[in-house]
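Visitor: I've got a chain on screen and would like to learn how to read it. Could you walk me through it?

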Amino acid sequence: MNFWKLAIFSALVSTCGLFSHASESIVGTWTYRQGSFTDVHVYHANGTVTAPSSAAAHAKWWIEGDEIVSFWHNKWYNRLKLPIANSAISGVSISPTGVRAAVTLTRIGSEPKTAPPAAESIVGTWTYRQGSFTDVHVYHADGTVTAPSSAAAHAKWWIEGNEIVSFWHNKWYNRLKLPIVNSAISGVSISPTGARAAVTLTRVGGVPTKGPTDASPTAGSIVGTWTYHHTSGMFTDIHVYHGDGTVTAPNNAEAHATWRVEGNEIVSFWHNKWYNRLKLPITGSTIYGVSISPNGGSAEITLTRVGTDGGKDVQNPDGPFSNPINISGKWNASFINRRLNFRQSGSHVTAEYGIQGDFTAPNVLTGTWRDAASGIVNKFQFVFSKDANYITGGFWDRNTGNFAYSRSNIINGAHRDGVTPPR
C-alpha cells in the first residue's frame, strides 16, 4: 500500500460508504492464532492478505455484513466478527471440508496511516526486461498488474519488506528490490520450479496522478451493487463492485473478481477464469457488455444497479428477494435421482433432505441441505427457468461421512412434474 493509493481508497470509502470505520482498521499487520499455531498476516488496503512466512500464501478479503472474510489460496476461509476491540478481532477458520476452529488476530504495532514512500512510485507503466525478452507491465493502484500485449496475463502485487512482489496467472513471481532509482527497479523472476533470472523494469513516462477507478466519472460510478443478467434469461446473480477494485457475489462465497478500467470498458477477471467486459458509459443505471469464457466463447450480459431497476422489485442485498417465481409442487431432481416436493412461503422454500433456502434473485434459490446419515450440512443453489418449470443451473455440494467434498456444477435437467423433460 502507498500514501497515494491509501488516499484514493479513503476517498472511495467516504464517498461510497462501502466500509465501516471498523473495517478500515483491519489494514495492517496481525498475529494470527489458531490453537497452538501462530503466524503473521498482513491485510492490505487493496483487498489482499499476505503471510510473510510463506511466499505462496495469499488471500482476498472483503466485508460480508458484520464480518471480515478472507479466502485463501488453499481454499480455507477466515471469518472475523466485527468490531475490532482493543486491537484484536476473533472469528473462525473454515477448512475446505467445512471443519471450523476458533481464531484470534492481534494487531502488531499501530494501524498504518501512510505507506512506504517507495511503494507509491511503482504505480504506472514499465518496460520489463529479462535477457533478450521485453514486455510492458502496467502496475495499478488497486494491487493488480496487467500486460497490454496479452489479455490473459495478469498478476497481483504487494509489498514484502523492501521488495515489491508480483504473483502472475502462470504461477511465476517477480521480486523487485526497493528503492526505485532513476525510474528503474531490478530484481528476479522466479519460475514455478524455482529457477531464477535477473529482471529490470524501466518506467515509461512519469508517475501517474490518477488511479484506474478515476479514469472517468462514469468509471467510478460502477462502485455499488448490481443485478447481473445473462441474455439467455436463464441466469441472474448479484455482483457487488467495491472501491478497492474487487467484485464479490453474495450468493456464492467462492466467487470473487478484480475489476479495472481499460479504455472505455470496465473489465472484471473472475476466480474461474471468466471475464466480463462492460461498455461505458453507464446509461440509466444500466451497463451492457459481454461475458467471456476460458475457451473464448462469449454471451451478452446486462448489469442493472440494485434499487434503481425502473421502479421494479429488485434484490435486497441484506435479505431475501421479496417477489420471486413460484416453484411450489413436485419436481423430478434427476441430478440426485430423487423426487422433491418444494414448499414455498414467499421467498422461503423447504423440501425433503433438509432443504432450506431463500430466493436471492427472482429465479435463484440459495440454501443448505442435510445429509441424513452424517448430519453434515451442505450448500446448494438452483437457477430456475423464467417459466418456473426447469432447473437450468446452479450447484449441489456433497460432503458425507468420509468428509469427501465435491461440488456438482452441472445440475440442469431437473423439471417440474407434468412438463416435458429437457433434452
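Guide: Sure, let's start with burial: buried means under 20% relative accessible area, exposed over 50%, and partly exposed in between (1.4 Å probe, protein chains only). Here 50% of the 423 residues in the chain are buried. Keep in mind that this is a predicted model, where local features need pLDDT of at least 70, side-chain atom pairs count only at pLDDT 80 or more, and totals for chains, interfaces and linings use all residues. Residues are numbered from 1 along each chain as its sequence is written, and side-chain values use heavy atoms, leaving out hydrogens and water.

Visitor: How many helices and strands are there in the chain?

Guide: Both are DSSP runs numbered from the N terminus: helices are H or I with at least four residues, strands E with at least two. This chain has four helices and 33 strands.

Visitor: Which strands pair with strand 6?

Guide: Pairing takes at least two DSSP bridges between two strands. Strand 5 (residues 67–72) runs antiparallel to strand 6 with five bridges, and Phe71 has Tyr77 as its bridge partner. Strand 7 (residues 88–94) is also antiparallel to strand 6, over four bridges, with Arg79 opposite Val92.

Visitor: And is strand 6 mostly covered or open?

Guide: Covered: four of the five residues in strand 6 (residues 77–81) are buried.

Visitor: What sits in the turn between strand 5 and strand 6?

Guide: That hairpin has four residues between its strands, and Lys75 in the turn has a positive phi of about 75°. In the hairpin of strand 6 and strand 7, six residues lie between, including Asn86 with a positive phi of about 55°.
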